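Biologist: Please take one position in this model and look at it closely, then work outwards from there until its surroundings make sense as part of the whole chain. I would like a connected account rather than a list.

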Amino acid sequence: MEFTVWGIITALVVGLIVGALGRLVVPGRQNMPIWLHMLIGVGAALLGTVLARAMGIATETAGIDWTELLVQVVLAAIAVALVAGVGRRRGVSHR
C-alpha cells in the first residue's frame, strides 16, 4: 500500500462519503457535529478496507469495490449508532 497525496485525498473523500452514508442508515436524529461524522467515516473507511482485505473480499478493481464499500458503510453505521447512543444517554436527565 503506497501513500501518495492523491491516495490520502481519495481516502478522505471516501471517508466523508462513508460517514454520510453511515449517518443515513442509522434511524432517528443524531445530535452530533458534522466533523464527528467525518471522523467516524474516515475511521470506518480505513478499518473497513483492512477488514475486507483480511476476509479476502477486497480485490484490486478498476472501479468501485461494492462489497468493500458495504463493509465500510456498515462499520460507519455501527459507530454512528454507538456514538449517538452514548451522547443521548449522557444528555438526558430523568427526574
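**Thr-49 and its surroundings**

Modeller: Thr-49 is found in helix 2, and everything I say about its setting refers to a predicted model. With a relative accessible area of 14%, Thr-49 falls under the 20% cut-off and therefore counts as buried. Once neighbours within four places in sequence are set aside, the residues in contact with Thr-49 are Glu-68 and Gln-72. Polar contacts join the side chain of Thr-49 to each of these partners: to the side chain of Glu-68 at 2.8 Å, and to the side chain of Gln-72 at 2.9 Å.

Gln-72 deserves a look of its own. This residue belongs to helix 3 and is buried, with a relative accessible area of 5%. Leaving out residues up to four places away in sequence, Gln-72 touches Val-14, Val-18, Ala-44, Ala-45, Gly-48 and Thr-49. One of these, Val-18, is a buried residue of helix 1, whereas Ala-44, Ala-45, Gly-48 and Thr-49 are among the buried residues of helix 2. Val-50 offers a contrast: although this residue is also in helix 2, Val-50 is exposed, with a relative accessible area of 53%. Between Val-50 and Gln-72, which are 22 residues apart in sequence, the distance from C-alpha to C-alpha is 9.7 Å.

Helix 2 as a whole has 21 residues, for which a rise of 1.5 Å a residue predicts a span of 30 Å, and this agrees with the 30 Å between its end C-alpha atoms. Its buried residues are Leu-36, His-37, Ile-40, Gly-41, Val-42, Ala-44, Ala-45, Gly-48, Thr-49 and Ala-52. As background to such a list, an α-helix has 3.6 residues a turn, so residues three or four places apart point the same way. Beyond the end of helix 2 comes Gly-56, which has a positive phi, near 80°.

Gly-41, also in helix 2, leads the account towards helix 1. Gly-41 is buried, with a relative accessible area of 0%, and, apart from neighbours within four places in sequence, is in contact with Gly-15, Val-18 and Gly-19. The C-alpha atoms of Gly-41 and Ala-11 lie 10.0 Å from each other, with these positions 30 residues apart along the chain.

Helix 1 runs over residues 5-25, and its 21 residues reach 30 Å from the first C-alpha to the last, close to the 30 Å expected at 1.5 Å a residue. The buried residues of helix 1 are Gly-15, Val-18, Gly-19 and Gly-22. Viewed down the helix axis, these buried residues fall within an arc of 105°, so they line one face of helix 1. Val-5, Trp-6 and Leu-24, on the other side of this helix, are exposed.

The nonpolar cores bring the helices together in another way. The largest of them has seven residues, namely Val-26, Met-32, Leu-36, Ile-40, Ala-77, Val-80 and Ala-84. Both helix 2 (34-54) and helix 3 (66-91) supply at least two residues of this core, and helix 3 gives the most, with three. Apart from this core lies another, of six residues, which includes Val-18, Ala-45, Leu-69 and Val-73. This second core leads back to the starting point, because Val-18 and Ala-45 belong to it and are both touched by buried Gln-72. In the largest core, Ala-84 touches Gln-30 and Met-32, again without counting residues up to four places away in sequence. Ile-78, in helix 3, is partly exposed, with a relative accessible area of 48%, and its C-alpha atom is 8.0 Å from that of Val-26, although 52 residues separate the two along the chain.

Seen at the level of the whole chain, the setting of Thr-49 is one of three helices and zero strands, which follow the pattern α-α-α along the sequence. Of the 95 residues in the chain, 31% are buried. Where contacts join residues at least 6 apart in sequence, 65% of them link residues at least 24 apart. The accessible surface comes to about 6800 Å², and carbon and sulfur atoms account for 71% of it.

Note on methods: Residues are numbered from 1 along each chain as its sequence is written. This is a predicted model: local features need pLDDT of at least 70, side-chain atom pairs count only at pLDDT 80 or more; totals for chains, interfaces and linings use all residues. Side-chain values use heavy atoms; hydrogens and water are left out. A nonpolar core is a set of buried Ala, Val, Leu, Ile, Met, Phe, Trp, Tyr and Cys residues joined through side-chain atoms within 4.5 Å. Buried means under 20% relative accessible area, exposed over 50%, partly exposed in between (1.4 Å probe, protein chains only). Helices (H or I, at least four residues) and strands (E, at least two) are DSSP runs, numbered from the N terminus. Contact means heavy atoms within 4.5 Å. The expected span of a helix is 1.5 Å times one less than its number of residues. The arc is that of the directions from the helix axis to the C-beta atoms. A polar contact is a pair of N or O atoms within 3.5 Å; within protein, one must be able to donate a hydrogen and the other to accept it, and residues adjacent in sequence count only if both atoms are side-chain atoms. Accessible areas come from the Shrake-Rupley method with a 1.4 Å probe; for residues, only the protein chains shown count as cover.
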